[in-house]
Structure formats: structure tokens, C-alpha cells
Amino acid sequence: MIRYRLECGNGCEFDGWFRNSQAFDKQSAAGDILCPHCGDGDVSKTLMAPGVVTRKESPRTNAGKANAAMVSPSDRERHREEALLSLVHEHIERNFDYLGGNFPDEARAMHRGEAAERSIYGEASAEDVRELGEEGIEVFALPKKPRRN
């Protein structure tokens, strides 16, 4: 996985995670990358300093710091992220076919031309996702739907 610092045409900055640099290029060319703040599709990579581990800090220490930063957004940021995630879930539920545990098999059938292509979603184990990727079938995991209080 590779993390890029991204910026949209309106100047919003955000991070994006991709399987590799080719995955970013492919998704960008297809217009599949949208700004999570304003929805702008004019997204590009920005300059980013690499994460360098010094002798005083182990990779585990750095990973712990990164994870802490990622799971500790402000209440305002958390609310915005939950709202965006809810919108994504609603869109998928309205426009995609739910397949439950049959998702991996149907994705393979569509990839091989044995089933009509359509937008689908369902459940897959980490092993299924890895195997689908090795077969050239692009899938992504969606975080669970936020609970509504």
C-alpha cells in the first residue's frame, strides 16, 4: 500500500491510500478519485516527505504514532467523515446489487465474462480480497456503516 497526500482543484488537502502508484494513475485517469471535502474530481498528488525512521525511533514507534493520529480526529472531522461514509453506503445500497458471501464468486464470473458486468457489493474475507487482487480483479474494502445515534 502507498499513501499519497492529495489536493483537489479547490485547494482541499487529504490523504489517499492505493495498492501501488499504477492504481492511483488508473483511478485518476478514470475520474474515480473525488475530494472527500467538496467532491471535486480534479485531484492531484502533492509533494510529500518520506517517512524516515531514525535509530532512536523504531518502525513500531512510528507506526503507533501514525495510527494514533489516524484514529483521533476531532469531533468535527469525525462527524464529517461519518456523514461522507454514510453517503457512500447509501449510494452503494441504492445502486449496487448485494450478494452477501457470494461476492467473490460473482466478481470472478464477471471478470471472466461468465456473468453480466454490474455494480456489486457483499462480504469477502481478507484472503478472498487478496486472491481477487492477484487475479487482476480490483475490489476495495469499505469501512462499516456508521451507527446513527
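Select E127 in this predicted model: the residue is partly exposed, with a relative accessible area of 39%. Its side chain meets that of R130 in a salt bridge, 2.4 Å from N to O. Both residues belong to helix α5, which covers residues 126-134. Because E127 and R130 are three residues apart in that helix, about one helical turn separates them.

Keep R130 selected and add E134. R130 is partly exposed, at 38% relative accessibility, whereas E134 counts as exposed at 58%. What do the side chains of R130 and E134 form? They meet in a salt bridge with an N to O distance of 2.3 Å. These two residues also lie in α5, four residues apart, again about one turn of the helix. An α-helix has 3.6 residues a turn, so residues three or four places apart point the same way.

Next, go to a network elsewhere in the chain. Select R3, R5, E13 and D15, which are joined into one network by salt bridges that share partners. Within the group, show the side chains of R5 and D15. The two meet in a salt bridge of 2.9 Å, N to O. Where along the chain do R5 and D15 lie? R5 is in strand β1 and D15 is in strand β2, ten residues apart, and the pair links distant parts of the chain. R5 is partly exposed, with a relative accessible area of 26%. D15 is partly exposed as well, at 34% relative accessibility. For the structure as a whole, a search finds eleven salt bridges.

Now select the loop between β1 (2-8) and β2 (13-18), and pick out N10, which is placed there. Is N10 buried or exposed? N10 is exposed, with a relative accessible area of 58%. Add C38 and D40 to the selection: leaving aside neighbours within four places in sequence, N10 is in contact with these two residues. C38 is 28 residues from N10 along the chain, yet the C-alpha atoms of the two are separated by 8.0 Å.

Stay with C38 and display the cysteine sulfurs. How many disulfides does the structure hold? It holds zero disulfides. C8 is in no disulfide, and its nearest cysteine sulfur, that of C38, is 3.7 Å away. C8 is buried, with a relative accessible area of 5%. Then select C12. Why is the sulfur of C12 not bonded to the closest cysteine sulfur? That closest sulfur belongs to C8 and lies 3.8 Å away, which is too far for a bond, because a disulfide needs the two sulfur atoms within 2.5 Å.

The last stop is helix α1, residues 21-29. Begin at its start and select N20 and Q22. A side-chain oxygen of N20 reaches to within 3.1 Å of the backbone nitrogen of Q22. Then move along the chain past the helix to G31. This glycine follows α1, and its phi is positive, near 75°.

Terms used: Residues are numbered from 1 along each chain as its sequence is written. This is a predicted model: local features need pLDDT of at least 70, side-chain atom pairs count only at pLDDT 80 or more; totals for chains, interfaces and linings use all residues. Side-chain values use heavy atoms; hydrogens and water are left out. A polar contact is a pair of N or O atoms within 3.5 Å; within protein, one must be able to donate a hydrogen and the other to accept it, and residues adjacent in sequence count only if both atoms are side-chain atoms. Buried means under 20% relative accessible area, exposed over 50%, partly exposed in between (1.4 Å probe, protein chains only). Contact means heavy atoms within 4.5 Å. A salt bridge is a side-chain nitrogen of Lys or Arg within 4 Å of a carboxyl oxygen of Asp or Glu.
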